[in-house]
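Thanks for making time this morning. I would like to walk through one model with you, going from one part to the next, and I will say as I go how each term is defined.

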Amino acid sequence: MSTTQQRRPATRADGDARATTDGDASATSTDGVPTSTSAGRGPTNRRRADALMVALSLGFTAVLVGGLWSDPNHRTFTINASDQALFEWMLAFTADAVRHGHDPFWTTLLNAPGGANLAVNTSETVLGCLLAPVTLLFGPSVSYLGAITFAIFATPVAWYLLLSRTVVERPAAAIVGALFCGFAPGLVSHANGHLNFASGYLVPLIVWRVAAMREPTRPGRRLRNGLIVGVLVAAGYSLGGETLFFAALGCAVVAACWLTAGHREPRSHVVAFGTGIAIAAGSAFVLLGYPLWMQFFGTGSFHGTGFSQSIHSEDLLAYGAFPARSVAGVLGLHGNLAINPTEENSFFGVPVLVAVIALAMLARRHAEAARRRLVTALIGATVIFVVLSLGPHLKVGGRQTWLPLPYLLLTDVPLFDSALPGRLALIVTTLAGVLLALGLDRLPAVRRPRLAAVATGLALATILPVPLLTMDRSGVPHFISSGRWRDYVRPGETLVPVPPASDWLPDGQRWQTAMLATGDGSTFRIPAGFFLGPGGPDGRGRIGPVPRPSFTLLHDVAILGQRPLTITPAMRAQARADVRYWGGNVIVMPAERGTGNRWHGHYALLLGVATELYGRPTLVDDVWLWRVS
């Protein structure tokens with residue numbers, strides 16, 4: 001044990017005596033928040049720990065997304081190619097907004113003739129503006145790959161900075177806790193295309209600056225801190241409103257549990273904190289006034305989610321199951337309990353669950369009073385979010401029961417009505433990472449610390465991430481990329497892609513993405529597309545618009561290989577009426593089935609049905625083309 005740390009007595013505002021720090025404990029600030037102030041760990045050791053954390057984060061990031069870097073323009077995530085295509089479109093649209101100065105929160109390019117509200121979608125506006133030069137010079141695929149690579153790398157590094165500078169004493173504890181916060185199964189599964197959930201690097205920075213507001217400071221410094229938090233919140237909203245909501249919810253619950261555990265703040269701290277929060281809220285509101293108005297009141301806005309909250313909730317057994325893209329998963333121990341592979345929000349595995357619980361108890365037992373209250377609050381908040389992540393009704397082993405749970409009271413509460421309860425397990429992941437760090441920081445207090453460290457390492461090894469699955473993806477047809485489409489459709493008019501663009505079939509939207517990022521950005525409109533909009537059950541949202549009859553017909557042929565026994569004259573008339581409704585008269589289908597899509601197996605059937613609906617096509621360049629009068 002180190003004996004070089006200086007003892008520093010402190011007093012609590014409520015009269016409780018606080019234990020002084022010893023050689024194995026981190027110091028605490030005068031308000032009970034742990035701080036890292038070891039005199040025995042010099043700048044050299046800190047720099048070495050920082051460098052090791054950066055190297056480990058780079059290594060794990062390279063393992064996860066290395067498959068895309070071999071050919072960014074023609075590789076995509078196997079599991080979630082559609083979301084990758086959506087975020088590429090968002091980045092291209094925002095870059096075009098920067099270039100031409102149009103509204104980044106509304107578009108008429110999708111969902112012709114109605115348009116789409118992008119504020120209710122994850123529009124990535126700030127990130128798209130920062131990456132606009134990359135998008136316009138090298139293409140949206142390169143821009144997207146750079147963004148998600150940085151997000152995966154920077155998130156654990158940001159958590160390490162928070163943990164190592166303010167929470168724990170030992171660098172190894174901060175490194176392990178931060179790596180868990182960045183590379184736990186829930187984050188790895190969302191790295192399959194979900195740029196919003198992968199981009200969690202602002203959350204620890206916001207938490208850090210909000211905690212700093214509690215220290216009484218000069219008015220000028222207080223103003224600066226509030227403005228910094230306001231800007232970070234606005235940027236975090238752009239990266240992902242759901243993540244920002246979860247961060248605020250997590251902080252609020254931890255704070256409530258902390259107060260319940262006996263923590264008390266001096267009056268001066270409460271005043272400083274309230275002032276800082278007011279400044280942060282005011283500055284964030286100024287920056288977010290228009291996008292928030294668009295999200296909640298603008299054309300194309302909606303309230304609530306079109307997804308079932310009972311279905312999109314965690315299975316009780318999922319916490320003890322192993323994730324697919326992990327060492328245990330590839331060895332055949334994968335627990336297939338997620339609604340889809342990108343929603344493995346918990347999946348800690350039994351060994352990690354045992355390790356987190358044991359280390360949390362260790363952190364609470366071997367700690368002075370102030371830290372014990374903090375650990376108790378973190379444990380309480382973790383239990384609360386585990387229960388909430390189970391959704392409105394309990395689900396066990398893939399079977400939905402009707403046993404009501406506390407989330408049932410929140411299903412119609414604003415913001416909660418738009419969230420998926422299963423994703424609250426991502427808050428559990430963060431809290432578990434902090435508890436891991438706090439427990440490992442106290443490891444020398446146990447009888448056999450090395451044995452405990454080895455056991456923890458073996459448990460965590462079961463969920464070490466393995467490379468995300470990637471595949472080849474066909475490029476944009478030459479008919480589109482060369483600009484040949486302009487001979488048939490003027491910019492701003494509607495081109496109807498076959499198969500129709502949707503969350504399952506993003507190809508037609510990818511054509512539009514390519515045009516937004518090249519030349520002068522002039523492009524065509526498309527019907528439907530992949531976006532969130534109104535029209536769901538009970539007035540809630542849905543993916544894409546309420547489909548037209550011919551859209552549904554072509555979609556079912558492309559995805560399911562299902563077609564009517566006979567294409568009737570009424571169907572042909574309806575197909576032409578739908579084209580007129582969309583404002584177009586040109587239908588385009590690739591002349592080859594391509595790769596990396598969900599419809600190549602039904603290519604011949606789809607071409608046959610389109611021919612029966614619209615007549616004999618013409619081969620133009622590398623596409624089949626129909627012109628409907």
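Right after helix H20 comes Gly561, whose phi is positive, near 70°. Helices here (H or I, at least four residues) and strands (E, at least two) are DSSP runs, numbered from the N terminus. Before going further I should say that this is a predicted model, in which local features need a pLDDT of at least 70 and side-chain atom pairs count only at pLDDT 80 or more, while totals for chains, interfaces and linings use all residues. Residues are numbered from 1 along each chain as its sequence is written, and side-chain values use heavy atoms, with hydrogens and water left out.

Staying with H20, which covers residues 549-560, its 12 residues should span 16 Å at 1.5 Å a residue, and its end C-alpha atoms are indeed 16 Å apart; the expected span is taken as 1.5 Å times one less than the number of residues. Its buried residues are Ser550, Phe551, Leu553, Leu554, His555, Val557, Ala558 and Ile559, where buried means under 20% relative accessible area, exposed over 50%, and partly exposed in between, with a 1.4 Å probe and protein chains only. What do these buried residues of H20 pack against? They pack against helix H21 (569-582) and H22, contact meaning heavy atoms within 4.5 Å.

Two of those H20 residues, Ala558 and Ile559, are also touched by Arg598, whose contacts, not counting residues up to four places away in sequence, further include Ile79, Ser82, Asp503 and Trp504. Arg598 sits in the loop between strand E10 (584-590) and helix H22 (603-614), and with a relative accessible area of 35% it is partly exposed.

Helix H2, residues 81-100, passes the same kind of length check, since its 20 residues should span 28 Å and its end C-alpha atoms are 29 Å apart, which agrees. Of those 20 residues, 17 are buried, so H2 is largely enclosed by the rest of the structure. Just after H2, Gly101 takes a positive phi of about 75°.

Positive phi also turns up outside glycine. Asn111 has a phi of about 55°; it lies in the loop between E2 and E3, and is buried at a relative accessible area of 15%. Leu415, with phi near 75°, is placed in the loop between strand E5 (399-404) and H16, and at 44% relative accessibility Leu415 counts as partly exposed.

There are cis peptide bonds to mention as well. One runs from Ala112 to Pro113, with omega near 5°, and Pro113 lies in the loop between strand E2 (106-107) and strand E3 (116-117). Another joins Val498 and Pro499, with omega about 5°, and Pro499 is found in the loop between strand E7 (494-497) and helix H19 (507-516).

Now to the interior. The largest nonpolar core has 101 residues, of which Ile148, Ile152, Phe180, Tyr201, Leu378, Phe385 and Leu438 touch the most other members; such a core is a set of buried Ala, Val, Leu, Ile, Met, Phe, Trp, Tyr and Cys residues joined through side-chain atoms within 4.5 Å. Helix H5 (residues 140-166) gives the most to this core, with 14 residues. Apart from it lies another core, of 29 residues, among them Leu110, Leu118, Ile526 and Phe531.

Phe385 is also a contact of Ile427, which, leaving aside neighbours within four places in sequence, meets Phe246 and Gly250 too. Ile427 lies in helix H16 (residues 425-441) and, at 8% relative accessibility, counts as buried.

Phe246 brings us to the aromatic rings. Rings of Phe, Tyr and Trp (its six-membered ring) pair if their centres lie within 6.5 Å, with planes under 30 degrees apart called stacked, over 60 edge-to-face and the rest tilted. By this rule the count comes to 13 aromatic pairs. One of them joins Phe245 and Phe246, tilted, at 5.9 Å centre to centre and 40° between the planes. Both of these residues are buried, and Phe245, Phe246, Tyr407 and Phe416 form one aromatic cluster.

Finally, a word on confidence. The protein chain averages a pLDDT of 91, and 93% of the residues score at least 70, pLDDT being the predictor's confidence in each residue, from 0 to 100. Over residues 1-32, however, pLDDT stays under 50, as it does over residues 34-40.
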